[in-house]
Amino acid sequence: SDVYVNGKHLCHHQGGYNPFEMEVTEIWQDGENEIVVRAEDDQKENQTYGKQGYGEIQGIWQTVWLENRGPEYIDSFRFYTKISGDVTLRVKACAADGAKVTAVFDGKEFSGAVENGGAEIAMHFDDTRLWSPECPELYEGEIILGDDRVETYFGIREVAAQNGRILLNGKPIYINGTLDQAFH
């Protein structure tokens, strides 16, 4: 991939399965701007494609976005849930140690401090609404670090394997088509 902003080449990226980013502040103009992302796949013999390849499907098929962010921002995050209602939120942050990260979900506010580029926030929800295919309950809210705000959601559930069976929230679940890899 090659990325151009206002006619200037800003980035070359090689690799089809991993994300990349770049800073555009210096070249960004007031008013209209042009962003061009050129993706090329030559399908060379030495490229890896997984066990099946992807045939004639080429080009960009993941999200591309432009994001305005200040000097402190949320880089990534992940939720770890338990059916007891305990949820751990791990945030990777670009911020100084001690910066406050706040999570607001289900009308409750939780917070933690950044330490070594990350923050861990322990949350608990009484009367837990569990996620399942029959009842896909989600907790919607936001994560805040300085001026950076990310709206997101998560579902509380546990997946386990026991005696050759897959369990969802402690109950056996039949999964049909676990190898169905079609995306078109």
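A nonpolar core, as used on this tour, is a set of buried Ala, Val, Leu, Ile, Met, Phe, Trp, Tyr and Cys residues joined through side-chain atoms within 4.5 Å. Keep that in mind as you click around; the model in your viewer is predicted.

**Whole chain first.** Switch on the cartoon view. You'll find 13 strands and zero helices, so the pattern along the sequence is simply β after β, from start to end. Of the 184 residues, 24% count as buried. The chain exposes about 13700 Å², with carbon and sulfur atoms supplying 46% of that area. As for contacts between residues at least 6 apart in sequence, 47% of them join residues at least 24 apart.

**Into the core.** Select Met123, Phe125 and Phe154. These have the most contacts inside the largest nonpolar core, which has 22 residues. Now color β4, β5 (86-94), β6 (100-105), β8 (118-124) and β9 (139-145): each supplies at least two residues of this core. Which strand gives the most to it? That's β5, with four residues.

Stay on Phe154 and show what surrounds it. Leaving aside neighbours within four places in sequence, Phe154 is in contact with Phe79, Thr81, Val87, Phe105, Met123, Phe125, Glu137, Leu138 and Tyr139. Met123 and Phe125, which you selected a moment ago, are on that list.

**A hairpin.** Next, select residues 108-113, which make up β7; this strand pairs with β6 in the antiparallel sense over six bridges. Together β6 and β7 form a hairpin with two residues between them. Zoom in on the turn and pick Asp106, whose phi is positive, at about 55 degrees. For a cross-strand pair, show Ala103, which stands opposite Phe110 in β7.

**A three-stranded sheet.** Move on to β11, β12 and β13. They form an open sheet in that order, with antiparallel pairing. The edge strands are β11 (159-162) and β13 (171-172), each pairing on one side only. Between β11 and β12 (residues 165-168), count four bridges, again in the antiparallel sense. Here Gln162 is the one to pick: it stands opposite Arg165 in β12.

**Last stop, the surface.** Turn on the surface and select Trp28, Ile35 and Leu66. What do these three form? They make a nonpolar patch, with about 290 Å² of accessible area together. To place Leu66 in the chain, look at the loop between β3 (35-38) and β4 (73-81).

Note on methods: Residues numbered from 1 in each chain as written. Predicted model: local features only at pLDDT ≥ 70, side-chain atom pairs only at ≥ 80, totals over all residues. Heavy atoms only, no water. Patch = residues over 30% accessible without salt bridge, like charges linked within 9 Å, V, L, I, M, F, W, Y side chains within 5 Å. Areas by Shrake-Rupley, 256 points an atom, 1.4 Å probe, with all protein chains shown as cover. Salt bridge = Lys/Arg side-chain N within 4 Å of Asp/Glu carboxyl O. Buried < 20%, exposed > 50% of the residue type's maximum accessible area, 1.4 Å probe, protein only. Contact = heavy atoms within 4.5 Å. Pairing = 2+ DSSP bridges.
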